[in-house]
Amino acid sequence: MFAVADRVQIFSNGFNFEFDQRKELGRICPTILDEDGPPNKTLFVLFLSLDKVGYTELEDHLNDLDGETLLFLKKIRSLSVNVNGRRSSRSRDVHGDVISIKTHLPGKTVTKEFVLVENSSTDMPHHEKRPGQRTKTWVAFPYDKSGPIIDPNFMYAVLPMQKMQFKVRNSYLHG
Amino acid sequence: MYSDPSHFILELLQNLDDTSYAAGVQPTVLFNLHNDKLVVESNQIGFTEKDVDAICSLGESSKIPIDGVVKDTTGEKGIGCVLVDLINSRFPVVVRRRRQSSDIFEWVQF
């Protein structure tokens, strides 16, 4: 966080403190704050120290946060953004093996649907963070009323990494 | 680290996904950017005393500890940079080559 902010305040569960990297050892020695945060919320308040380019990048990134980011997160189901008054939100609903991602932008709501397919592997290479050599892979195939949507989509390791596209054989599509 | 703001946002999001939420609560995150202030709000259960201890010893890291443990990380990034912060001058980095353990290389920050 200190790459983008000089000062970070944290309000959580009655613990209210800040780090100020402009102070000696300020990144690790917190200052206790007198003020309290809102109940039942955890707040991180970042006082940004970005240059103009960095700030614009941050604005753009927050405005463009893809609803699909919620596809493979384990717990977070809703994500709202307010960038200097421009509000948008994304939410995720699951019905069986279908995931709906709704993106609410100023003046419009976009819904995308995905079929979720899960695969378990038990013969992965040994790794200390992978007990039992087991792992699970999920693939979410986008579709609409007319059928599958054949587009490049992000590959995720929980969060988006890079775009890739499945090739679909013509014979499969056309029977 | 995190010089790319988008990376920082995604890392924070992943950390918030790793924290605990009360039953019946729809886990929600809000990013509120107003001028030079970015407020990140979540409805997670909140910090314990152990979490506060952990974040104070990993001041640089955006990894949010759960029950005092930073879980599911690819490296406890905070530690190295806190040390750099403490020394705040030139520091050597010693790396041993994997296959020929007799070869040791040293880099000095300049």
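In what order do the 12 strands of the open sheet stand? In this predicted model, the strands follow one another as E3(A)-E2(A)-E1(A)-E4(A)-E2(B)-E1(B)-E5(A)-E6(A)-E7(A)-E8(A)-E9(A)-E10(A), and the pairing within the sheet is mixed. Strand E3 (31-32) and E10 of chain A stand at the edges, where each has a single partner strand, so one side of each is left without a neighbour in the sheet. Strands of a sheet pair through backbone hydrogen bonds, in either a parallel or an antiparallel sense.

The sheet contains strands of both chains, with E2(B) and E1(B) placed between E4(A) and E5(A) in the strand order. At one of these junctions, E5(A) and E1(B) run parallel and are joined by six bridges, and within this pairing Ser80(A) stands opposite Leu30(B). Strand E5 (residues 78-83) of chain A is also the element of that chain in which confidence is highest, with a mean pLDDT of 96.

Further along the sheet, the pairings described here lie within chain A. Strand E6 (residues 86-95) and strand E7 (residues 98-105) of chain A run antiparallel and are connected by seven bridges, with Asp93(A) facing Ser100(A) of E7(A) across the pair. Nine bridges link strand E8 (residues 108-121) of chain A to strand E9 (residues 135-144) of chain A, again in an antiparallel arrangement, and here Ser120(A) is found opposite Lys136(A) in E9(A). E9(A) is in turn joined by two bridges to strand E10 (residues 147-148) of chain A, the two strands running antiparallel, and Tyr143(A) has Pro148(A) of E10(A) as its bridge partner. Two residues lie between E9(A) and E10(A), which together form a hairpin.

Beyond the shared sheet, the contact between the chains involves 56 residues of chain B and 48 residues of chain A. The area buried between the two chains is about 4,700 Å², of which 64% is given by carbon and sulfur atoms. The polar component comprises 21 residue pairs in polar contact, counted with both residues at pLDDT 80 or more, and two salt bridges are found across the interface. A salt bridge is formed by Lys74(A) with Asp18(B), for which the closest N and O atoms are 3.0 Å apart. On the side of chain B that touches chain A, at least two residues each are supplied by helix H1 (5-18), strand E1 (28-34), strand E2 (37-42), helix H2 (49-57) and helix H3 (77-87) of chain B. The largest share, 11 residues, comes from H1(B). By class, this side of chain B has 26 nonpolar, 19 polar and 11 charged residues.

Confidence was examined for each chain and for the complex. The predictor assigns the complex an ipTM of 0.84 and a pTM of 0.74. Chain A has a mean pLDDT of 86, with 93% of its residues reaching 70 or more, although helix H2 (residues 170-173) of chain A, where confidence in the chain is lowest, has a mean of 49. For chain B the average pLDDT is 67, and 45% of the residues score at least 70. Residues 68-92 of chain B have a pLDDT below 50, yet this stretch has 41 contacts in the model beyond near neighbours in sequence. Residues 94-98 of chain B likewise have a pLDDT below 50, with 12 contacts beyond near neighbours in sequence. Where pLDDT is low, the predicted coordinates should not be read in detail.

Terms used:
Residues numbered from 1 in each chain as written. Chains lettered and ligands numbered in written order. Predicted model: local features only at pLDDT ≥ 70, side-chain atom pairs only at ≥ 80, totals over all residues. Heavy atoms only, no water. Pairing = 2+ DSSP bridges. Helix = DSSP H or I, 4+ residues; strand = E, 2+ residues; numbered from the N terminus. pLDDT = per-residue confidence, 0-100. Contact = heavy atoms within 4.5 Å. Buried area = accessible area lost by both parts, 1.4 Å probe. Salt bridge = Lys/Arg side-chain N within 4 Å of Asp/Glu carboxyl O. Polar contact = N/O pair within 3.5 Å; in protein donor to acceptor, adjacent residues only side chain to side chain. Nonpolar A, V, L, I, M, F, W, Y, C, P; charged D, E, K, R; others polar.
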